[in-house]
Amino acid sequence: MPDNNISSNKRIAKNTLLLYARMLLLLVVSLYTSRIVLATLGVEDYGLYNVVGGIVVMFTFINKAMGNSTSRYITFALGKGDKTELKNVVGVSFFIHWVLAVIILLLAETVGLWFLYNKMVIPEARMTAAFWVYQFSVVSCMVSIISVPFNSMIIAHEKMGAFAFISILDAVLKLLIVYLIQISSFDKLILYAALLLGVMILDRLIYQVYCHRHFEEARHIKFQKTGLVKQMTSFAVWSLVGNLSYVCYTQGLNILLNMFFGPAVNAARGVAVQVEGVINGFVTNFQTAVNPQITKSYAADEKGRVRELLFLSSKFSFYLLLILCLPVFLEAPAILGLWLVEVPEHTVNFIRLLILIMMAQSLHNPVSMIKSATGRIRTYQLIIGGILLLIVPISYIALKMGAPSETVFIVHLVVQLVAQTMAVLMTKNDIGLSFRIYLKDVILRVLTVTLLASIIPVSLYIYLPDTLLNMLIVIFISLLSVCVSVLFAGMNSRERVFLLEKVSNIVRK
């Protein structure tokens, strides 16, 4: 393996560890705060917070598209080593994101506000609280938009330690929020939304100071190269379809559930999404560490390295998810019973279905990143985004025909699998990828690992009585079973030797 690839792999490993340290801290805080917030707000207000904030998130598909463009162009410029272009990209990205913030503010205060008052199922007594939660969510959305260039710079420079250290302060502040809403006599839902906005503003200021001190391109930001506006906007325009589909199958489905079933089901989805976020953090952190290497390798025309990173990211993203997903899938009822004071109805089914969706999405994200690195995304986004956009209308038809709430997640899973197959077929020519080899070395391996890892844990779950000790046994055996299956069936010989050498080095130290 070339020395530069070895160095890149070490950087990926280091950044992954830093991101996991960050995630573990946030995991503990998130699990604790979710329990207290749900108990303090109650099922109805918790559901309201999730669905009302979701209206604002629906407008952010524009920002997500521009964020993809910003991240791609900053990373690409770093991969080429062109400092002048890097400064131009940063300047243009700040200009565009401020414009986007104003546009989304206008949309939120017109179309979004009308939707809140005319289409949402909200108890009359909580309408004022819903209004203020909505307004705080709008401001939070704007802060998030103008923070994108700073976050993109940190990720492109692969300075993942910044995320890890700043997260300590973020976690402490969120614990303080939980304490304040418990002791306050003010409307707890309004106070919760306001305090979360305050934490977001502080985080944004800290990231800005960090970037200004560590990255030359973040100092003296100027909007100069107007030609870049067209390039970056063009890239973003074709990302819009994909990001619109993301908003539709997340917040769009959330609103559908509210329209057909009311806030209680939104609370169940909110808890399920909280669990999804915790689990998904395992794979997101790994992919965040790998993604800059994919873009930089493509910019350097190292297509063999890109294929290697695709296989690595796809398989290990799936395995990292499986380590957590298998025990949570099996023991979801018991885990929720221990975690929450009150478990909303449908939560267990929602969690299990979201786990299956996550597993499929973990294979899609590396492919999407490669297509983004090429810059040729028009046809890809139109087709893949178009397929994913079908989730909402199909779900609406199913619910209109009387289908249960779980149907929307089943529809999402089926459509996601179709989109993943098409994505690989559309990307293989960009990096000289053999679809047959991809099926053999990625799809077949992850399916084999899943099957082998599930046999013993599923058998124990079915036949052992429901006790705390047996739950712990099932979880432990699940973890062990996944690790053994990955080691012997989930990797090729070179990957296995590399992993064992790294583990051996860590043990010796």
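This text leads through one helix and several aromatic contacts of a predicted model.

The helix α6 offers a starting point. It covers residues 188-214, a run of 27 residues. From its first C-alpha to its last, α6 reaches 39 Å, which is close to the 39 Å expected at 1.5 Å a residue. At the N-terminal end of α6, D187 acts as the cap. A side-chain oxygen of D187 lies 3.1 Å from the backbone nitrogen of L189.

Attention now turns to the aromatic rings. The structure holds ten aromatic pairs. One of them joins F131 and W132, whose ring centres are 5.3 Å apart. The planes of these two rings stand at 80°, and the pair is therefore edge-to-face, since planes over 60 degrees apart are classed in this way. F131 has a relative accessibility of 21% and so counts as partly exposed. W132, at 41% relative accessibility, also counts as partly exposed.

The rings of F260 and F261 provide another pair, with centres 6.4 Å apart. Because their planes lie at 45°, this pair is tilted. F260 counts as partly exposed at 29% relative accessibility, and F261 is partly exposed with a relative accessible area of 35%.

Ring pairs also build a group: F131, W132 and F136 are linked by them into a cluster. The edge-to-face pair of F131 and W132 thus has both of its residues in this cluster.

A contact of another kind involves a charged side chain. R352 lies over the face of F329, and the distance to the ring centre is 5.6 Å.

Note on methods. Residues numbered from 1 in each chain as written. Predicted model: local features only at pLDDT ≥ 70, side-chain atom pairs only at ≥ 80, totals over all residues. Heavy atoms only, no water. Helix = DSSP H or I, 4+ residues; strand = E, 2+ residues; numbered from the N terminus. Expected span 1.5 Å × (residues − 1). Polar contact = N/O pair within 3.5 Å; in protein donor to acceptor, adjacent residues only side chain to side chain. Phe/Tyr/Trp six-rings, centres within 6.5 Å; stacked < 30°, edge-to-face > 60°. Buried < 20%, exposed > 50% of the residue type's maximum accessible area, 1.4 Å probe, protein only. Lys NZ or Arg CZ within 6 Å of the ring centre and 35° of its normal.
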